[in-house]
Protein chains: 2
Amino acid sequence: MRKLSIFNTVSIDGYFTDTRGDMSWAHKDDPEWNEWARQNASGGGVLMFGRTTYQLMTKYWPTPLAAKNNPVIAKYMNERPKIVVSHSIEKPDWNNTTRIQGDLPAAVRQLKQDSGDDICILGSGSLIAQLAPEGLIDSYQIAVSPIVLGEGKTLFEGVKERVGMKLTSTRSFGNGNVLTCYEPA
Amino acid sequence: MRKLSIFNTVSIDGYFTDTRGDMSWAHKDDPEWNEWARQNASGGGVLMFGRTTYQLMTKYWPTPLAAKNNPVIAKYMNERPKIVVSHSIEKPDWNNTTRIQGDLPAAVRQLKQDSGDDICILGSGSLIAQLAPEGLIDSYQIAVSPIVLGEGKTLFEGVKERVGMKLTSTRSFGNGNVLTCYEPA
């Protein structure tokens, strides 16, 4: 059975983007953090996105600017197999992307039973909010960045019932990020 | 100069209360956590509240139920000097409470210059959101509880400009709480 995880950076007040979709505040350069992020990504895997995050990502990662500023991550993001969940994007044009639509929990249950690499959701609060209450997310990596945004979008917007978690590990970094890892309780 | 700190427990999605003011989810019994909370409170100090949190607290801490279920904390809460920030509560009736009103940052600047014990804000997101951008809060103790609420109130609702913080320490507990401590950047 393939594992489904999430990885996101959030502000102290719990937002993974501000109200305009800006996630640039989440990148605070730090050698120890960069090395952890590189190793964390090196295991391969399939990346999964909701439409909004997918469209934000496609505006940046395939560009010459990304290749210049973040060559290692850009190569990784462009080469990895990707899944976008969308009704409206009929032909996703970012390299190596397939699309799923329809009943999301059912589609994800099927995906997890299919053979293949583990799957990691980046950004995509709307997906997380739908999948977390169903117990379909096996692990959560949430890095808390030392900043207050005041408003934005949470990873769990629209969750109707409280979801208990089990803390599995924590680690703090020189840039002030605190990585907190959870599994479903 | 007196120090002003805050102490709050928040959910993974950043809320210190749910939409109905419930904070009961924040109490997960754990010997190590209880001992830390007891020591953290034992330094004395003045407690400060906004009107909403003050009224919630007065409904519980002076009651026989609180004296039975949480005798040590109830005694502490009832005996400590308290400040409530409110236009509408003219005669606060919880033991040992004074009231301030008017220009909040100016009143807090004056309070910090007066002689007396250090001050700690509990709950009271509206106070924190007004004071944090002014740099008037000297330290933040935020415990992240292993639960997702889906909606609620953040400590920084209405903050207009991003506020950068400096991580000073972290500690995790057996009940899954992760204590994160910050100072203004």
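**Exercise 1. In this predicted model, find which residue of chain A comes closest to the rotation axis, and work out how the two copies are related.**

Step 1. Start at the axis. A:Gly14 is the residue of chain A that comes closest, with its C-alpha at 2.2 Å.

Step 2. Now lay one chain on the other. A turn of 180° with a shift of 0.0 Å along the axis puts chain A on chain B, and the RMSD is 0.0 Å. The two copies are thus related as by a two-fold rotation axis.

Step 3. Check the contact surface. Of the interface residues of chain A, 100% are also interface residues in chain B, so the copies meet through the same surface.

**Exercise 2. Trace the open sheet that begins with E8(A), and say which strands sit at its edges.**

Step 1. Write down the order. The 9 strands go E8(A)-E10(B)-E11(B)-E7(B)-E1(B)-E6(B)-E3(B)-E4(B)-E5(B), and the pairing is mixed.

Step 2. Look for strands that pair on one side only. Those are E8 of chain A and strand E5 (97-100) of chain B, the edge strands.

Step 3. Zoom in on the place where the chains join. Strand E8 (residues 147-148) of chain A pairs with strand E10 (residues 163-172) of chain B in the antiparallel sense, over 2 bridges. Here A:Val148 stands opposite B:Val163.

Step 4. Move along to the next pair. E10(B) and E11(B) are antiparallel too, with 7 bridges between them, and B:Leu167 has B:Tyr182 as its bridge partner. The hairpin they form has 5 residues between the strands, and B:Gly176 takes a positive phi near 90° in it.

Step 5. Pick a parallel pair. Strand E1 (residues 4-10) of chain B runs parallel to strand E6 (residues 119-122) of chain B, joined by 4 bridges. B:Leu4 is matched with B:Ile119 there.

**Exercise 3. Find which strands helix H1 and helix H2 of chain B touch or lie across.**

Step 1. Take H1 first. Helix H1 (residues 31-41) of chain B packs on the sheet and touches E1, E7, E10 and E11 of chain B. The direction of H1 makes about 160° with that of E1(B).

Step 2. Then H2. Helix H2 (residues 51-60) of chain B lies across strand E3 (46-50), strand E4 (82-85), E5 and E6 of chain B, at about 115° to E3(B).

**Exercise 4. Trace the sheet that begins with E5(A), and find which strand of chain B it takes in.**

Step 1. Read off the order: E5(A)-E4(A)-E3(A)-E6(A)-E1(A)-E7(A)-E11(A)-E10(A)-E8(B), an open sheet of 9 strands with mixed pairing. The strand from chain B is E8(B).

Step 2. Name the edges. Strand E5 (97-100) of chain A and strand E8 (147-148) of chain B each pair on one side only.

Step 3. Look inside the sheet. Strand E3 (residues 46-50) and strand E6 (residues 119-122) of chain A run parallel and share 3 bridges, with A:Leu47 opposite A:Cys120.

**Exercise 5. Work out how many cavities of 30 Å³ or more the structure holds, and what lines the largest.**

Step 1. Count. There is 1 cavity of 30 Å³ or more, and the largest has a volume of about 130 Å³.

Step 2. Go to the centre. The lining has 16 residues, and the closest to the centre are A:Ile12, A:Val144, B:Ser11, B:Ile12 and B:Val144.

Step 3. Find the strands involved. E7 and E11 of chain A, together with strand E7 (139-144) and strand E11 (178-184) of chain B, give two or more residues to the lining.

Step 4. Sort by class: 10 nonpolar, 6 polar and no charged residues.

Methods. Residues numbered from 1 in each chain as written. Chains lettered and ligands numbered in written order. Predicted model: local features only at pLDDT ≥ 70, side-chain atom pairs only at ≥ 80, totals over all residues. Heavy atoms only, no water. Pairing = 2+ DSSP bridges. 1 Å grid on protein atoms, 1.4 Å probe; cavity = no way out; pocket = protein on both sides within 12 Å on 5 of 7 lines; lining within 4 Å. Points joined across faces, edges and corners; volume = space filled by probe spheres on them. Nonpolar A, V, L, I, M, F, W, Y, C, P; charged D, E, K, R; others polar. Least-squares fit on C-alpha atoms with pLDDT ≥ 70 in both. Contact = heavy atoms within 4.5 Å. Axes fitted to C-alpha atoms, helices over the stretch in contact; angles between N-to-C directions.
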